[in-house]
Amino acid sequence: MQKVDLQNEVKNGTVLPLMEEFYTIQGEGFHTGTAAYFIRVGGCDVGCHWCDVKESWDAELHPPTAIEEIVVRASEKAKLAVVTGGEPLTWNMDALTLALKKAGMIVNMETSGAYELSGTWDWICLSPKKTKLPVKSVYDNAHELKVVIYNKHDFIFAEEQAALTNDQAILFLQPEWSKHEEVMPLIVDYVKENPQWRISLQTHKYLDIP
Ligand code: SF4
């Protein structure tokens with residue numbers, strides 16, 4: 001494929017830098033425990049210091065892949081697709097989500113919300129990051145707000161983010177994995193005092209599955 005054609009296809013979202021794809025169990029958030037086909041798209045400039053997929057950041061390291069190929073593999077394996085990254089909204093998600101839906105799949109996304117919303121989603125999990133705050137279109141359309149708690153100051157950030165997110169979104173606090181032993185007791189106390197929040201655990205890490 002010529003370079004100009006490739007640039008156009010990436011721009012319109014029919015080709016995406018694919019980092020990895022795998023069939024597993026959704027480990028965290030509202031859909032915990034559900035079998036899902038994960039599509040991890042490369043590219044992210046949000047820069048979280050505790051990011052556990054730093055390999056995803058440089059989109060150029062990940063092969064430009066036609067979405068038709070991804071959709072065939074996903075729909076052969078699963079009913080639910082979870083598009084994650086990297087930051088999926090770095091790219092135009094319209095074509096991928098449409099094609100997954102045409103193939104009969106439920107289509108969920110995990111996003112930091114740092115870029116304008118594109119795509120048609122059954123479920124948007126917004127996990128905001130301090131380094132690049134979400135845009136309004138994602139606050140307005142998120143089904144779930146999942147705030148990672150790294151230290152006690154993050155509870156203030158969580159409340160600020162909840163105030164900006166639509167009223168229907170389900171609120172989760174999730175311990176950052178490397179700090180979970182330290183912050184878990186704080187989260188338990190916080191949720192008991194503020195029961196509009198729920199706890200999300202990265203169960204896949206406890207179970208050692210991808
Ligand atoms: Fe990593 Fe996600 Fe933060 Fe990007 S937004 S740096 S992929 S944790």
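In the predicted model, Leu-80 of strand β4 has Ile-106 of strand β5 as its bridge partner. Strands β4 and β5 (residues 106-111) run parallel and are joined by four bridges; pairing of two strands requires at least two bridges found by DSSP. Helices (H or I, at least four residues) and strands (E, at least two) are DSSP runs, numbered from the N terminus. As this is a predicted model, local features need pLDDT of at least 70 and side-chain atom pairs count only at pLDDT 80 or more, whereas totals for chains, interfaces and linings use all residues. Residues are numbered from 1 along each chain as its sequence is written, and side-chain values use heavy atoms, with hydrogens and water left out.

On another side of the pairing scheme, strand β2 (residues 35-41) is paired with β4 in the parallel sense over five bridges. Within this pairing, Ile-39 stands opposite Val-83 of β4. Strand β4, helix α3 (residues 94-102) and strand β5 together make a right-handed β-α-β unit; the crossover is termed right-handed if, with the strands pointing away from the viewer, the path from the first strand over the helix to the second runs clockwise.

Burial was assigned from relative accessible area: under 20% is buried, over 50% exposed, and values in between partly exposed (1.4 Å probe, protein chains only). Six of the six residues of β4 (residues 80-85) are buried, so this strand is largely enclosed by the rest of the structure. In a regular strand the side chains alternate between the two faces of the sheet. In β4, Leu-80, Val-82 and Thr-84 point one way, Ala-81, Val-83 and Gly-85 point the other way, and all are buried.

The peptide bond from Gly-85 to Gly-86 is cis, with omega near 15°. Gly-86 is found in the loop between β4 and α3. Most residues other than glycine have a negative phi, and most peptide bonds are trans. A positive phi in a residue other than glycine is found at Asp-208, where the value is near 60°. Asp-208 lies in the segment after α7 and is exposed, with a relative accessible area of 70%.

Helix α7 (residues 203-207) contains Leu-207, which counts as exposed because its relative accessibility is 59%. Leu-207 also contributes to a nonpolar surface patch of about 540 Å², made together with Ile-25, Val-188, Ile-199, Leu-201, Tyr-206 and Ile-209. Patches are made of residues with over 30% relative accessible area and no salt bridge; like charges are joined within 9 Å and nonpolar side chains (Val, Leu, Ile, Met, Phe, Trp, Tyr) within 5 Å. Accessible areas come from the Shrake-Rupley method with a 1.4 Å probe, and for residues only the protein chains shown count as cover.

The structure holds 10 salt bridges, each defined as a side-chain nitrogen of Lys or Arg within 4 Å of a carboxyl oxygen of Asp or Glu. One of these is formed by Arg-40 and Glu-20, whose closest N and O atoms are 2.7 Å apart. This pair links distant parts of the chain, with Arg-40 in strand β2 and Glu-20 in strand β1 (residues 15-25), 20 residues apart. Arg-40 counts as buried at 13% relative accessibility, whereas Glu-20 is partly exposed at 31%.

Strand β1 also provides Glu-21, whose side chain meets that of Arg-73 in a salt bridge (2.7 Å, N to O). Arg-73 lies in helix α2 (residues 67-77) and Glu-21 in β1, so this pair ties together parts that are 52 residues apart in sequence. Both partners are partly exposed, with relative accessible areas of 31% for Arg-73 and 22% for Glu-21. Glu-21 and Arg-73 are further linked with Glu-69 in a network of salt bridges.

A third pair is formed by Lys-132 and Asp-45, with the closest N and O atoms 3.7 Å apart. Lys-132 lies in the loop between β6 (123-126) and α4 (136-141), and Asp-45 in the loop between β2 and β3 (64-66), so the contact ties together parts that are 87 residues apart in sequence. Lys-132 is partly exposed at 27% relative accessibility, and Asp-45 is likewise partly exposed at 47%.

Zero disulfides were found in a search of the whole structure, a disulfide being a pair of cysteine sulfur atoms within 2.5 Å. Cys-125 is in no disulfide, and the nearest cysteine sulfur, that of Cys-48, is 13 Å away. Cys-125 counts as buried at 1% relative accessibility, and Cys-48 counts as buried at 12%.
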